Amino acid sequence: MDDEPLSEWAERRDAKIGQLRAAPISTGDGPKGAHLNPDVPRAIERWNGHIWEPFAVAANLAEAQRILYPGAQEPVASPPVPNPLGPGTGKHRKPQKPRSGSS
């Protein structure tokens, strides 16, 4: 059989321990997507290796995201991207050929 070794499976399972997720606290068969009810409170749950256990409660989606992604609050400065195309706004611009130093 081509089954993976138990040790590899256990490593993969244990890597998820401590993972957090947010579940909307709502009743009924309403929308389940997080973006559909951003003002609904969220239960923050933590995976302990066997079940999702209560970890915290967030007042809304924004607070839940701050708990789930604490490092995402700092804006990441992206480096400037050079424009390989010449000036203009046309859709069919061709990339400029590099100019040689001698003419």
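**View 1. Arg-46 and its salt-bridge partner Glu-53 in the predicted model**. Arg-46 is partly exposed, with a relative accessible area of 27%, and in this predicted model Arg-46 forms a salt bridge with Glu-53, the closest N and O atoms lying 3.3 Å apart. Glu-53 is likewise assigned to the partly exposed class, because its relative accessible area is 27%. Side chains of opposite charge can pair when their charged atoms come close. A search of the whole structure finds 4 salt bridges, and the pair of Glu-53 and Arg-46 is drawn here with the atoms that define the 3.3 Å separation.

**View 2. The salt bridges of Glu-4 with Arg-12 and of Asp-14 with Arg-13**. The side chains of Glu-4 and Arg-12 meet at 2.9 Å, taken from N to O. Glu-4 counts as partly exposed because its relative accessibility is 40%, and Arg-12 is placed in the partly exposed class because its value is 43%. Asp-14 forms a salt bridge with Arg-13, and here the closest N and O atoms are 3.0 Å apart. Asp-14 has a relative accessible area of 38% and is therefore partly exposed, while Arg-13, at 30% relative accessibility, also counts as partly exposed.

**View 3. The surroundings of Glu-45 in strand E2**. Glu-45 lies in strand E2 and counts as buried because its relative accessibility is 18%, which falls under the 20% limit for that class. The side chain of Glu-45 makes a polar contact with the side chain of Arg-21 at a distance of 2.7 Å. Leaving aside residues up to four places away in sequence, Glu-45 touches Gln-19, Leu-20, Arg-21 and Ala-23, together with Trp-52, Glu-53 and Phe-55.

**View 4. Arg-42, a buried residue without a salt bridge**. Arg-42 lies in strand E2, which covers residues 42-47. Although Arg-42 is buried, it has no salt bridge, and the nearest side chain of opposite charge, that of Asp-39, is 7.7 Å away; a salt bridge would require a side-chain nitrogen within 4 Å of a carboxyl oxygen, so the separation from Asp-39 does not qualify. The side chain of Arg-42 instead reaches the backbone oxygen of Asn-37 at 3.1 Å. Not counting residues up to four places away in sequence, the residues that Arg-42 touches include Ala-22, Ala-23, Pro-24 and Ile-25, as well as Ala-34 and Asn-37, and further Ala-56, Val-57, Ala-58, Asn-60, Leu-61 and Ala-64.

**View 5. The antiparallel hairpin of E2 and E3**. Strands E2 and E3 pair in the antiparallel sense over 6 bridges, and within this pairing the bridge partner of Arg-42 in E3 is Ala-58, a residue that also appears among the contacts of Arg-42. The hairpin has 4 residues between the strands, and in it Gly-49 takes a positive phi near 105°.

**View 6. Ile-51 in the loop between E2 and E3**. Ile-51 is found in the loop that joins E2 to strand E3, the latter covering residues 52-58. Ile-51 is exposed because its relative accessible area is 51%, a value that lies over the 50% limit for the exposed class. Ile-51 and Ile-17 are 34 residues apart in sequence, and their C-alpha atoms are 9.9 Å apart in space.

Key
Residues numbered from 1 in each chain as written. Predicted model: local features only at pLDDT ≥ 70, side-chain atom pairs only at ≥ 80, totals over all residues. Heavy atoms only, no water. Helix = DSSP H or I, 4+ residues; strand = E, 2+ residues; numbered from the N terminus. Buried < 20%, exposed > 50% of the residue type's maximum accessible area, 1.4 Å probe, protein only. Lys, Arg positive; Asp, Glu negative; His and termini not counted. Polar contact = N/O pair within 3.5 Å; in protein donor to acceptor, adjacent residues only side chain to side chain. Contact = heavy atoms within 4.5 Å. Pairing = 2+ DSSP bridges.
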